[in-house]
Amino acid sequence: MITPRPNGLIRVLGIDPGSVITGYGLIESDGARSFHLAHGHIRVKGDSFPERLGHIHSALSEVITQWQPQEVAIEQVFLSNNPMSALKLGQARGAAITAAVSRQLSVAEYAPRLVKKVVTGSGAADKHQVQAMVRALLQMPDVLQVDAADGLAIAICHAHSRVANAALAKNGLGITPRKRVRGRGLRR
């Protein structure tokens, strides 16, 4: 169990992984209120794809070292029509995840639709709606770069979800993951 900071807030790093641009956002939150600390995006550098993955890992490692988050949240891979793009995105996620777990940080994963629903109220929200709500929730005056806004949205989603999940667990109501059974659809 992560102990809150003396002010009762948990520091969360949200990561929007990408093989070209990886966005990140840092907040402190008590679950009801969130406060902006930092955000940015990493333009991936390197001649080969493995070098690019190494750049994602080292750049996020620097962010983690500088900001010392207590928890990390990352966006899950979404299904794509282009299998190669999905594969590269999955590898970028792996580089980001290893940057966190190599520092003994837990990593929570969220589906893109859930992040949009928590932040905007609609799982079908577009990028501009997410940017606008992130700015409003964090009381930020400036326009955000898209990937950085997504990183902040993922951090907000985690901060709000962790409180709801803790309340459910306290009352003995766990969330049972859904599993796909061959030929039978979804079951609990």
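A crossing of two helices is called left-handed if the near helix is turned anticlockwise from the far one by less than a right angle, and right-handed if clockwise. With that in hand, welcome to some close-up views of this predicted model.

**View 1. Helices H3 and H4 cross with a left-handed turn.** Here helix H3 covers residues 112-120 and helix H4 covers residues 127-137. Their axes come within 9 Å and cross at roughly 45 degrees, which makes H3 oblique to H4.

**View 2. Side by side, H3 and H4 share a set of contacts.** From H3, look for Lys116, Val119 and Thr120. They meet Gln129, Val130, Met133, Val134 and Leu137 in H4. Sorted by class, this contact has five nonpolar, two polar and one charged residues.

**View 3. Helices H1 and H2 make a right-handed crossing.** H1 spans residues 49-67, and H2 spans residues 83-101. The two pack at an angle of about 35 degrees, and their axes lie 8 Å apart. On the H1 side, the contact is made by Phe49, Leu53, Ile56, His57, Leu60, Ser61 and Ile64. H2 brings Lys88, Gln91, Ala92, Ala95, Ala96, Thr98, Ala99 and Ala100. By class, the residues of this contact divide into 10 nonpolar, four polar and one charged.

**View 4. Lys88 sits over the ring of Phe49.** Take a moment with this pair, which also belongs to the contact of H1 and H2. Lys88 lies over the face of Phe49, at 5.6 Å from the ring centre. As for aromatic pairs, the structure holds zero.

Key
Residues are numbered from 1 along each chain as its sequence is written. This is a predicted model: local features need pLDDT of at least 70, side-chain atom pairs count only at pLDDT 80 or more; totals for chains, interfaces and linings use all residues. Side-chain values use heavy atoms; hydrogens and water are left out. Rings of Phe, Tyr and Trp (its six-membered ring) pair if their centres lie within 6.5 Å; planes under 30 degrees apart count as stacked, over 60 as edge-to-face and the rest as tilted. A charge sits over a ring if NZ of Lys or CZ of Arg is within 6 Å of the ring centre and within 35 degrees of the ring normal. Axes are lines fitted to C-alpha atoms, for helices over the stretch in contact, and angles run from 0 to 180 degrees between N-to-C directions. Helices (H or I, at least four residues) and strands (E, at least two) are DSSP runs, numbered from the N terminus. Angles under 35 degrees count as roughly parallel, over 145 as roughly antiparallel, 65 to 115 as roughly perpendicular and the rest as oblique. Contact means heavy atoms within 4.5 Å. Ala, Val, Leu, Ile, Met, Phe, Trp, Tyr, Cys and Pro count as nonpolar, Asp, Glu, Lys and Arg as charged, and the others, Gly among them, as polar.
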